[in-house]
Amino acid sequence: MIIKSNPTKDLPVSDPLQEALQNTLPLFAQKLKINHYSPTQFSIPDAAWLFKYVFMDQKMRRELLPSNAAMEAGKIVGEVLQRIYADTIYKLHPVKKKVAPTTNEKISKDAALQEEIEKLKEYVPNDEKDSDKKQKYLEEIPEVINHALSGLKELAVASPVTCERQISIQSPSGFFSSLLPTVGRIDFDFGINKHVFGDPPKESSPTSELLADAFPHKIIELKTKWSRLGKVKKDGSRSFLVSSLPATASFNHLVQVATYAANFDFKVPAYLLYATKDGYKIFDSTNCPHLTVDGMKKNLQIMFNTFRRREKILALHEHLTREEIIEEAAGMMDMNLDHPFAWNGMPPELLKEAKLLWKLS
């Protein structure tokens, strides 16, 4: 069976506002029904991006691309921490279908864990290996949460705390940016920022205003790491290898943080917090050059360069139909089938369709 991409129907002419917004997009974007990027899209090769984010639409991705135990466990850790700390959480409105800030009623760690861990129990694994991971991660989640909490405590998280703040970056001053905006959602940002990044607060008297200054606005991106599959033991059980804390931060994660920092014009310090079952580690401007203002600006431009390259390829063929643009763009990109993660978890039928697009099947 050949799976066809599912382009959205043309916008109705009876909606002049939506029609006007659509007409502000480049022609290739209008034809391909794309209107933004995300830092996640930067992290995969051009060919995988073309297939997952252009050939496939959001509905196809949600229905056909499987999750995995590590992703689900990471979500649960994040949601437990949000239930504990957040004053405000950005969520998708069930009726309006738009992301909006909602007030969070804080609950205890035990209550949040009990409530959220049921989601992983209900998760249906993709295969036997994923099933083994699910069982292991159910054991590890409480430990990972405890270490993440220790990291947040070290970072002095204090109200007001906002989680999943939705941001959009387009044409920031001083950058050669992409035509389409880059969107994202910040794990944690908190406090009241009273000074520019790099200038420490000066508390000359114990007033309420200066007390707020003691908790400067910070951005925190949380990443979890989980034990990896080991060999099957003689008794048939699965062994696991404990993931160690990273010696250096992932470049893709640093680009993600740079995008969030750009939302605040790089005037807010950013932190990358890793948590495992055995501990936590924090990267910031003092131990990671990529999290200085200059480092984040450089990484943001690197991301824009990737998006600009892809836009130029698509724009070369924007006079063609949607299907023809995708086919011609694929011809200018190496499918890179041996990439370590770009095609991981792709259902066989979709991978077959991708190979057809690159004339490799």
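Trainee: Let's start with a salt bridge: how far apart are the closest N and O atoms of aspartate 265 and lysine 267?

Mentor: They are 3.8 Å apart. The pair counts as a salt bridge because a Lys or Arg side-chain nitrogen has to lie within 4 Å of an Asp or Glu carboxyl oxygen. Keep in mind that you're looking at a predicted model.

Trainee: And are aspartate 265 and lysine 267 buried, exposed or partly exposed?

Mentor: For that you look at relative accessible area: under 20% is buried, over 50% is exposed, and anything in between is partly exposed. Aspartate 265 has 49% relative accessibility, so aspartate 265 is partly exposed. Lysine 267, with 39%, is partly exposed as well.

Trainee: Can salt bridges share partners? Which residues get joined into one network that way?

Mentor: Glu79, Arg83, Glu115, Glu116 and Lys119 are linked into one network by salt bridges with shared partners. Searching the whole structure turns up 17 salt bridges.

Trainee: Let's pick a pair from that network. How far apart are the closest N and O atoms of glutamate 79 and lysine 119?

Mentor: Those atoms are 3.1 Å apart. Now check where the partners sit in the chain: glutamate 79 belongs to helix H6 (residues 69–85) and lysine 119 to helix H7 (residues 109–122), so this salt bridge links distant parts of the chain, 40 residues apart. Glutamate 79 is partly exposed at 26% relative accessibility, and lysine 119 is partly exposed too, with 44%.

Trainee: What about strands? Which residue forms a salt bridge with glutamate 164?

Mentor: That's arginine 185, with the closest N and O atoms 3.6 Å apart. Here the link runs between strands: glutamate 164 is in S3 and arginine 185 is in S4, 21 residues apart. The partners fall into separate classes: glutamate 164 is buried, with a relative accessible area of 17%, while arginine 185 is partly exposed at 31%.

Trainee: How do strands S3 and S4 run, and how many bridges join them?

Mentor: When you read a strand pair, look at the direction and then at which residues face each other. S3 (residues 161–169) and S4 run antiparallel, with eight bridges between them. For a concrete spot, find isoleucine 169, which stands opposite threonine 182 of S4.

Trainee: How many bridges pair S4 with strand S5?

Mentor: Three, and that pairing is antiparallel as well, with S5 covering residues 218–224. One place to look is phenylalanine 188, whose bridge partner in S5 is isoleucine 220. S4 itself (residues 182–190) is mostly covered, with seven of its nine residues buried.

Trainee: Zooming out, what is the order of the strands in the open sheet?

Mentor: Read across the seven strands and you get S2-S1-S3-S4-S5-S8-S9, with mixed pairing. At the edges are S2 (99–103) and S9 (280–283), each pairing on one side only. Neighbouring strands are turned against each other by 40° on average, ignoring direction. Helix H6 comes back here too: H6 lies across S1 (88–92), S3, S4 and S5, and runs at about 145° to S5.

Trainee: Loops look harder to read. Where is threonine 276 found?

Mentor: In the loop between S8 (270–275) and S9. Don't assume a loop residue is on the outside: threonine 276 has 2% relative accessibility, so this residue counts as buried. Its side chain reaches the backbone nitrogen of aspartate 278 at 3.1 Å. Setting aside neighbours within four places in sequence, threonine 276 touches Glu143, Val144, His147, Lys225, Ser243 and Leu245.

Trainee: Now a helix: how many residues of H4 are buried?

Mentor: Nine of the ten residues in H4 (residues 46–55) are buried; among them are Trp49, Leu50, Phe51 and Lys52. Next, ask what covers them. The buried residues of H4 pack against helices including H2 (27–32), H5 (58–64) and H11 (293–315).

Trainee: And for the whole chain, how many helices and strands are there?

Mentor: You'll find 13 helices and nine strands. Of the chain's 361 residues, 45% are buried. Look at contacts between residues at least 6 apart in sequence: 70% of those join residues at least 24 apart.

Definitions and conventions: Residues are numbered from 1 along each chain as its sequence is written. This is a predicted model: local features need pLDDT of at least 70, side-chain atom pairs count only at pLDDT 80 or more; totals for chains, interfaces and linings use all residues. Side-chain values use heavy atoms; hydrogens and water are left out. Buried means under 20% relative accessible area, exposed over 50%, partly exposed in between (1.4 Å probe, protein chains only). Helices (H or I, at least four residues) and strands (E, at least two) are DSSP runs, numbered from the N terminus. Two strands pair if DSSP finds at least two bridges between them. Contact means heavy atoms within 4.5 Å. Axes are lines fitted to C-alpha atoms, for helices over the stretch in contact, and angles run from 0 to 180 degrees between N-to-C directions. A polar contact is a pair of N or O atoms within 3.5 Å; within protein, one must be able to donate a hydrogen and the other to accept it, and residues adjacent in sequence count only if both atoms are side-chain atoms.
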